[in-house]
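The following exercises concern a ligand site and its protein surroundings. Each task is followed by a solution in steps.

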Amino acid sequence: MSEKFTDRIYPKIKGIWEACFKHPFVQGMGDGTLDLEKFKHWLMQDYVYLIEYARLFAIGTSKATDLGTMNSFAKGLDGVLFVEMDLHRSYAKTFGIPEEDLEATDQSAINTAYTSYMLNKAQAGGVENVAAALLACSWCYNYIGLELAKIPGALEGENYGSWIGMYSSDEFTDLNENAMDLINKLAEGKPERELKVLEEIVVKTGLFEYMFWDMCYKQETWPEI
Ligand SMILES: Cc1ncc(C[n+]2csc(CCO)c2C)c(N)n1
């Protein structure tokens, strides 16, 4: 059997996940010192990110060529809209941010670039492009969640404990494993030239994950001119 796509790409992606984990935003969630205003910026930006991200699953559902793949994308769509966005809605409630404000968040420059890139790659290719564009997102958060959960006391943290609990949970680990299984299935037997294209999508979306943390830490939106 040929090497799994996720094993082949891991050496290229590992350093990006480590850099995300070491980023002061993520470290601040681990030790509980992250400024709540920075976290609110993440919450609001991420909410509108997830709306765009959810569209990818819809594109994948329509591009799927077998029922099993169609099912995986449809489950993913349900998961984002009703599980992950629920965490955001409940955090927003504790901060007194109304749901309409969350939904009306103006996407920052990095956020716009990231979601536009993903949607463009998903639309431009076959179903395997969609699976590649989706992968970094769940892989990065699951990596970070599991690493943060190892820090003593992090899961009990007053502000960020439930965040770490969610992204390190068995449920999210399963979601990430489904995303990995899907790209591995769809990439199997593809020629090297096509695998390189998929690899580039995963690496670039991985780098966008890093840029997203940085954008939130700096509370960036758009240049004021
Ligand atoms: C910028 C950004 N990147 C990744 C995630 C994490 N995430 C988004 S969808 C999904 C799969 C299941 O819903 C996961 C793990 C996020 N929230 N925001």
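**Exercise 1.** Determine which polar side-chain atoms lie close to nitrogen atoms of the ligand in this predicted model.

*Solution.* Step 1: begin with Tyr-141, which has a polar side-chain atom 3.2 Å from a nitrogen atom of the ligand. Step 2: turn to Tyr-167, where an N or O atom of the side chain is 3.5 Å from a ligand nitrogen. Step 3: examine Glu-209, whose side chain places an N or O atom 2.7 Å from a nitrogen atom of the ligand. Step 4: apply the cut-off; a polar contact is a pair of N or O atoms within 3.5 Å, so pairs at such distances qualify.

**Exercise 2.** State how much of the ligand surface the protein buries.

*Solution.* Step 1: take the ligand alone, which exposes 440 Å². Step 2: add the protein, which buries 98% of that area. Step 3: locate the site; the ligand sits in the largest pocket.

**Exercise 3.** Describe the composition of the shell around the ligand and the helices that supply it.

*Solution.* Step 1: count the shell, which holds 14 residues, with Asp-46, Glu-84, Cys-137, Tyr-141 and Glu-209 coming nearest. Step 2: sort the shell residues by class: ten are nonpolar, one is polar and three are charged. Step 3: assign elements; at least two shell residues come from each of H3 (36–63), H4 (67–95), H7 (127–149), H9 (170–187) and H10 (192–217). Step 4: identify the main contributor, H3, which provides the largest share with four residues.

**Exercise 4.** Which side chains make polar contacts with the side chain of Arg-8?

*Solution.* Step 1: place Arg-8 in helix H1, residues 5–22. Step 2: note the contact of 3.0 Å between its side chain and that of Glu-192. Step 3: add Glu-199, whose side chain is in polar contact with that of Arg-8 at 2.6 Å.

**Exercise 5.** Characterise the annotated domain.

*Solution.* Step 1: read the unreviewed UniProt entry, which places "domain: Thiaminase-2/PQQC" at residues 11–218. Step 2: assess that range, which is 83% helix and 0% strand, with its end C-alpha atoms 29 Å apart.

Definitions and conventions. Residues numbered from 1 in each chain as written. Predicted model: local features only at pLDDT ≥ 70, side-chain atom pairs only at ≥ 80, totals over all residues. Heavy atoms only, no water. Near = heavy atom within 4 Å. Polar contact = N/O pair within 3.5 Å; in protein donor to acceptor, adjacent residues only side chain to side chain. Areas by Shrake-Rupley, 256 points an atom, 1.4 Å probe, with all protein chains shown as cover. 1 Å grid on protein atoms, 1.4 Å probe; cavity = no way out; pocket = protein on both sides within 12 Å on 5 of 7 lines; lining within 4 Å. Sits in = over half its atoms within 2 Å of the grid points. Nonpolar A, V, L, I, M, F, W, Y, C, P; charged D, E, K, R; others polar. UniProt positions renumbered as here; feature names shortened; annotations may be inferred.
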